There are 2 protein chains.
Amino acid sequence: MRPTAQPSSGGAQLLDRTVALLDLVADGGVDGLSLKQLAALSGLNTATCHRILNTLVGHKLLARDDKKRRYRLGARMAIYGVRAARGPGIISRCEVALTRLRRRTGDTTHLMARFNHDSVCLDRRDGECIVPTLTGSIGGFVPLGVGPGSIAMLAFLDEDEQDYIIRANLGRYASYRNLTEEKVRQLIADTRRRGYAVDMGGLIPGIAGVGMPIITPGEKPGAALSFTLLCAKAGPGVIERYGALLEEEINAIVGQ
Amino acid sequence: MRPTAQPSSGGAQLLDRTVALLDLVADGGVDGLSLKQLAALSGLNTATCHRILNTLVGHKLLARDDKKRRYRLGARMAIYGVRAARGPGIISRCEVALTRLRRRTGDTTHLMARFNHDSVCLDRRDGECIVPTLTGSIGGFVPLGVGPGSIAMLAFLDEDEQDYIIRANLGRYASYRNLTEEKVRQLIADTRRRGYAVDMGGLIPGIAGVGMPIITPGEKPGAALSFTLLCAKAGPGVIERYGALLEEEINAIVGQ
DNA sequence: GCATAAAATCTCATATTATGAAAAAACTAC
DNA sequence: GTAGTTTTTTCATAATATGAGATTTTATGC
């Protein structure tokens, strides 16, 4: 079980519960989740769950497969999503940077965002040669701690939060080429020292990555930009250059 | 003022109000809306509004520009959006169709969805030659009744709902080359007869469009596929061919 | 720079609303 | 057909949201 949205200080219990359920459904994958699963995952009473979920279905924030009676994100969510992407949010703010990084290097670039214990791909530009990536397409995700963009965000959280997230994700690391807690902690240390995260074929053989968090002063890192390239291309100085490019773009984004 | 989400039958007032506010913010454009505006638009008490909005900001479903104190859609919404796009929702279901229509014609294709009184662009494939479109990029929108995809959806709603939407949008039509209620009603009639909507340079000079709604049996049309092409390319039989292509793809989508 | 207006935020007694245990209904599997 | 599981509905009760008004903060005019 992965606990999700933290309660908002005062009062609004129903909304907190609603967001927690939305999070669970969003995390639930393409097959959706049943009422029973959602009740178990959220710890809510089945009736309460049922009531909230059905209201959300009524508003099309969620959809229910009538056949299998499973809940998944609904059409209105997709619309909110494209709207959110248009506004002055993180996606718009990084659009130019992403394209420019792609153009200046020829490599695949990603915009990742922190979402609970995961790192979600919000946007990407494909490089000249098709490289396999951990997240696949937009919307894909990996546990926080896996991959350069993901490590980059994790590395600049408070230690308490890092510990909490690493512990929550422990069971999931092994499926990434036997990643371990120790390796993740080592990567965090390296990343903090260097300012950006580097992976040299550690996750996908022959594929390297460089990632740097986008940190608005006074806030926790919520997003990161990253490169994915062939290890073969990562000769001497290349990683450093890519780190410098990321820094340049991120400074511009944060500065505006 | 545009009324938005209808209340869900029983009970959940807070959630209804919350969704109404989310809708208003989603419609609010890139500059966002102030508390006062949202209170006025929603008809809610200022304090109630404030409480709900701030809870949503706490959950990052909304964001607030601290400078101008305006509310807009937040980062979590963007994440829900990309997740919703991945699942077995309308975007995924139309992905192949959109690409194939683009490939078979060389023209720009759109997936539009109904959202309150608007038609929102959920996805698109750019054609060989860049044509100006009403909605611009993904997330862009037009009033229901403007544009072929938009007319296509409107045409197959109940008459009551059509009237309601047309009346709500009256003030917005004039900015589209002096579109009028009469013209919209005429287009609806044509579309119902033909099965798909056609526009021949009526909205953007020299630009034609063909649109057809995606109708799941027993449901109201919620989405549409459409083409945008140069009028010059729309010689005899072309529009009919495009209509047939749309029908073919939509049958496949609905059938699955 | 100060005064005035306007908007946003906070407080709290009250009534409305959400809650969840339990019962009923609808599926599933055998 | 029956037993077991999951979903849906019910309803008395407790808990929560509500909104008028007070207070603070921000914007505007002079």
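Let's start in chain B of this predicted model, with strand S5(B), residues 118-125. This strand is mostly covered, since eight of its eight residues are buried.

S5(B) has partners on record in two other strands. Strand S4 of chain B, residues 108-115, pairs with S5(B) in the antiparallel sense, over seven bridges. Within that pairing, Phe115(B) stands opposite Asp118(B). The hairpin of S4(B) and S5(B) has two residues between the strands, and Asn116(B) takes a positive phi there, near 55 degrees. Strand S6 of chain B, residues 141-143, is joined to S5(B) by three bridges, and these two strands also run antiparallel. If you would like a pair of residues to find on screen, look for Ser119(B), whose bridge partner in S6(B) is Val142(B).

**The corresponding strands in chain A**

Now turn to chain A. Is strand S5(A), residues 118-125, buried or exposed? Eight of its eight residues are buried, so the strand is largely enclosed by the rest of the structure. Strand S4 of chain A, residues 108-115, pairs with S5(A) over seven antiparallel bridges, and here His110(A) stands opposite Arg124(A). The two strands form a hairpin with two residues between them, and Asn116(A), in the turn, has a positive phi of about 55 degrees. S5(A) also pairs with strand S6 of chain A, residues 141-143, in the antiparallel sense and over three bridges. Ser119(A) has Val142(A) as its bridge partner in S6(A).

As background, strands of a sheet pair through backbone hydrogen bonds, either parallel or antiparallel.

**An open sheet in chain A**

Chain A also has an open sheet of three strands, in the order S1-S3-S2, with antiparallel pairing. Strand S1 (33-34) and strand S2 (62-65) of chain A stand at the edges with a single partner strand each, so one side of each is left without a neighbour in the sheet. S2(A) pairs with strand S3 of chain A, residues 70-73, over four antiparallel bridges. In this pairing, Asp65(A) stands opposite Arg70(A).

**How the two chains are related**

Two copies of a chain are related by a rotation about an axis and a shift along it. In this model, a turn of 180 degrees and a shift of 0.0 Å along the axis lay chain B on chain A with an RMSD of 0.1 Å. That is the relation of a two-fold axis. The same surface serves both copies, as 98% of the contact residues of chain B recur in chain A. Which residue of chain B comes closest to the rotation axis? It is Gly81(B), with its C-alpha at 1.8 Å.

**Arginine 177 in each chain**

Arg177(A) is a residue other than glycine with a positive phi, near 50 degrees. Its place is the loop between helix H7 (159-173) and helix H8 (181-194) of chain A. With 48% relative accessibility, Arg177(A) counts as partly exposed.

In chain B, Arg177(B) has a positive phi near 50 degrees, and this residue too is other than glycine. Arg177(B) lies in the loop between helix H7 (159-173) and helix H8 (181-194) of chain B. Its relative accessible area is 46%, so Arg177(B) is partly exposed.

**Around DNA strand C**

There are 21 residues around DNA strand C, and those that come nearest are Arg17(A), Asn45(A), Thr48(A), Gln13(B) and His50(B). On the DNA side, sugar and phosphate account for 82% of the atoms of strand C that come within 4 Å of the protein. The table gives contacts with phosphate oxygens of DNA strand C.

| Residue | Atom of the residue | Distance to a phosphate oxygen of DNA strand C |
|---|---|---|
| Arg51(A) | polar side-chain atom | 3.1 Å |
| Gln13(B) | polar side-chain atom | 2.7 Å |
| Lys36(B) | backbone N or O atom | 2.9 Å |

Which elements give two or more residues to the surface near DNA strand C? From chain A they are helix H1 (13-27) and helix H3 (46-58), and from chain B they are helix H1 (13-27), helix H2 (35-42) and helix H3 (46-58). By type, the residues of the surface near DNA strand C divide into seven nonpolar, eight polar and six charged.

Terms used:
Residues are numbered from 1 along each chain as its sequence is written. Chains are lettered from A and ligands numbered from 1 in the order in which they are written. This is a predicted model: local features need pLDDT of at least 70, side-chain atom pairs count only at pLDDT 80 or more; totals for chains, interfaces and linings use all residues. Side-chain values use heavy atoms; hydrogens and water are left out. Buried means under 20% relative accessible area, exposed over 50%, partly exposed in between (1.4 Å probe, protein chains only). Two strands pair if DSSP finds at least two bridges between them. A residue is near a molecule or strand if one of its heavy atoms lies within 4 Å of it. A polar contact is a pair of N or O atoms within 3.5 Å; within protein, one must be able to donate a hydrogen and the other to accept it, and residues adjacent in sequence count only if both atoms are side-chain atoms. Ala, Val, Leu, Ile, Met, Phe, Trp, Tyr, Cys and Pro count as nonpolar, Asp, Glu, Lys and Arg as charged, and the others, Gly among them, as polar. Copies are superposed by least squares on the C-alpha atoms of residues with pLDDT of at least 70 in both. Contact means heavy atoms within 4.5 Å.
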